[in-house]
Structures are given as structure tokens and as C-alpha cells.
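Work through the exercises below with the sequence and the 3D structure open. Try each task before reading its solution.

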Amino acid sequence: MTSLEEEIRSVPFECRGCWHVWEEEYVVGHVHDRRGREREIWLRRGLPALPPSPGAVSCPRCGSQQATMFPEGYLARHPELIPPPHPSEPDETPLLSPVRKPLHSWLT
Ligand SMILES: [Zn+2]
């Protein structure tokens, strides 16, 4: 008789390329085989996955596989690392001086 328990784990990562911080959600299935040994089965987005490790994920922003893994729950203690959901875009409008500089002033 096998039993299956599932738990959801959110594992925080930080990209070393662009410093993006995100969480990957895993489902961990605990399977007991006939000899009573426990095995873990990791699922990510519904697909079998490797247990979370820095090389097993790629950055959702830049695709880099150079990620750092944080302990589970790390972001809950460091909310400043979580980027705001809608970051305010910097105003790209250049500040134009109303006074036009004469062209010859920097040609001489
Ligand atoms: Zn990145």
C-alpha cells in the first residue's frame, strides 16, 4: 500500500545576472514505497522537476541560469526584496530647455 502526501513549497530565487527576485512554486509528493522508505517527487508547473537548486531554474526575466536560491520563507522575512507588482516607469521624456542654444556656440 502506498500513500501520497503533497505539499506546496515556494522557493525564492535571485538572478545573478539581472538581480530579479522571484519564487518558483513546487509540489512535493512524499511517496512511501512498499518497504516504508520515503521518497520525494518534485513537480513544477505540473511537470516532474528536479529538486530546487541554483542550476535547475532559469531567470524568468533574462533567462540566465545563474540563480541564487534562498531558504524557503526567506522573502517573508525580507519583503524589501520583492519587487512591486507594478513598478513605476521612469519618465523618459527628456528635459528640454525652452531656450535653444545657438548652434555655433559649441562649434567654435
Ligand atoms: Zn535575470
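The exercises that follow concern a predicted model.

**Exercise 1. Overall layout**

Task: State how many helices and strands the protein chain has, and in what order they run.

Solution. Step one is to count the elements: the protein chain has one helix and five strands. Step two is to read them from the N terminus on, which gives β-β-β-β-β-α. Step three is to look at burial and contacts across the chain. Of the 108 residues, 9% are buried. Among contacts with a separation of 6 or more, 49% join residues 24 or more positions apart.

**Exercise 2. The nonpolar core**

Task: List the residues of the largest nonpolar core and find the strand that gives the most to it.

Solution. The largest nonpolar core is made of six residues: Val11, Phe13, Cys15, Val57, Cys59 and Ala67. Strand 1, residues 4-15, contributes three residues to this core, the most of any element. In soluble globular proteins, nonpolar side chains tend to be buried together. Now take one core member, valine 11, and leave out residues up to four places away in sequence. The residues that valine 11 then touches are Glu23, Glu24, Tyr26, Pro52, Met69 and Glu72.

**Exercise 3. Two hairpins**

Task: Describe how strand 3 pairs with strand 2 and with strand 4.

Solution. Begin with strand 2 (residues 21-32) and strand 3 (residues 38-44), which pair in the antiparallel sense over seven bridges. Two positions show the pairing: glycine 29 has isoleucine 41 of strand 3 as its bridge partner, and valine 28 stands opposite tryptophan 42 in strand 3. Strand 2 and strand 3 form a hairpin with five residues between them. In its turn, glycine 36 has a positive phi of about 85°.

Then turn to strand 3 and strand 4, which are also antiparallel and pair over two bridges. Here leucine 43 has proline 48 of strand 4 as its bridge partner. The hairpin formed by strand 3 and strand 4 has two residues between them, and arginine 45 lies in the turn.

**Exercise 4. Positive phi outside glycine**

Task: For tryptophan 19 and arginine 45, give the phi, the loop and the exposure.

Solution. Most residues other than glycine have a negative phi, and most peptide bonds are trans. Against that background, tryptophan 19 is not a glycine, yet has a positive phi of about 65°. Tryptophan 19 sits in the loop between strand 1 and strand 2. Tryptophan 19 counts as partly exposed because 13 other C-beta atoms lie within 10 Å.

Arginine 45 is not a glycine either, and has a positive phi of about 55°. Its place is the loop between strand 3 and strand 4. Arginine 45 has 9 C-beta neighbours inside 10 Å, so this residue counts as exposed. The cut-off for exposed is 12 or fewer.

**Exercise 5. Two partly exposed residues**

Task: Locate glutamine 66 and histidine 32, and explain why each counts as partly exposed.

Solution. Glutamine 66 belongs to the loop between strand 4 (47-48) and strand 5 (67-69). With 14 other C-beta atoms within 10 Å, glutamine 66 is partly exposed. Setting aside neighbours within four places in sequence, glutamine 66 makes contact with Arg16 and Gly17. Proline 54 is 12 residues from glutamine 66 in sequence, and their C-alpha atoms are 6.9 Å apart in space.

Histidine 32 is part of strand 2. Histidine 32 is partly exposed because 14 other C-beta atoms lie within 10 Å. For a distance along the chain and in space, take histidine 32 with glutamate 5. These two are 27 residues apart along the chain, and 9.2 Å separates their C-alpha atoms.

Technical notes: Residues are numbered from 1 along each chain as its sequence is written. This is a predicted model: local features need pLDDT of at least 70, side-chain atom pairs count only at pLDDT 80 or more; totals for chains, interfaces and linings use all residues. A nonpolar core is a set of buried Ala, Val, Leu, Ile, Met, Phe, Trp, Tyr and Cys residues joined through C-beta atoms within 7 Å. A residue is buried if 20 or more other C-beta atoms lie within 10 Å of its own, exposed if 12 or fewer, and partly exposed in between; C-beta atoms are placed from the backbone. Helices (H or I, at least four residues) and strands (E, at least two) are DSSP runs, numbered from the N terminus. Two residues are in contact if their C-beta atoms, placed from the backbone, lie within 7 Å. Two strands pair if DSSP finds at least two bridges between them.
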